[in-house]
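Thank you all for coming. I would like to walk through one model this morning, beginning with its terms and then moving from single residues to the core.

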Amino acid sequence: KDQVVDTELVYSYAKTDRLSDMEEFVSGTNTANVLGVGDRLYDQGFFKAAKILYQSIPNNSKLASCFVQLGEYTQAVEAAK
């Protein structure tokens, strides 16, 4: 598999609001740069998609930040622990 193709596929799923497809893809075998896509989406304000990606890595500090942006404060505290 090609990392660039996998990475852009994940990004495309997120940008077209196909979050269940994105989640399914990243849960399987892939070579996508999940952290990089998560950071791109976060910077562009796609916090729900970024949250899913950060949960799959896991990256708790960035996940907590997504929860805050989404107003999910209890989950943010849990992720920050």
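Let me begin with burial: a residue is called buried under 20% relative accessible area, exposed over 50%, and partly exposed in between, using a 1.4 Å probe and protein chains only. This is a predicted model, in which local features need pLDDT of at least 70 and side-chain atom pairs count only at pLDDT 80 or more, while totals for chains, interfaces and linings use all residues. Residues are numbered from 1 along each chain as its sequence is written, and side-chain values use heavy atoms, with hydrogens and water left out.

On confidence, pLDDT is the predictor's own confidence in each residue, from 0 to 100. The protein has a mean pLDDT of 95, with 99% of its residues reaching 70 or more. Among its elements, α3 has the highest mean, 97, and α6 the lowest, 93. The elements are DSSP runs numbered from the N terminus, helices being H or I of at least four residues and strands E of at least two.

Take Thr7, which lies in helix α1. Is Thr7 buried or exposed? Thr7 is buried, because its relative accessible area is 11%. Contact here means heavy atoms within 4.5 Å, and, leaving aside neighbours within four places in sequence, Thr7 is in contact with Thr31, Ala32, Asn33 and Val37.

In helix α3 we find Gly38, which is buried, with a relative accessible area of 0%. Setting aside neighbours within four places in sequence, Gly38 is in contact with Ala50, Leu53 and Tyr54. These three also appear among the buried residues of α4, together with Phe47, Ala49, Lys51 and Ile52. In α4, 7 of 10 residues are buried, so the helix is mostly covered, and what covers those buried residues includes α1, α2, α3 and α5.

That brings me to the nonpolar core, meaning a set of buried Ala, Val, Leu, Ile, Met, Phe, Trp, Tyr and Cys residues joined through side-chain atoms within 4.5 Å. The largest such core has 23 residues, of which Val10, Met22, Val26, Val37, Leu41, Ala49 and Leu53 touch the most other members. At least two residues of this core come from each of α1 (3–15), α2 (19–27), α3 (34–43), α4 (47–56), α5 (60–69) and α6 (73–80), and the largest share, 5 residues, comes from α4. Ala49, for its part, touches Ala14, Leu19, Met22 and Leu41, not counting residues up to four places away in sequence.
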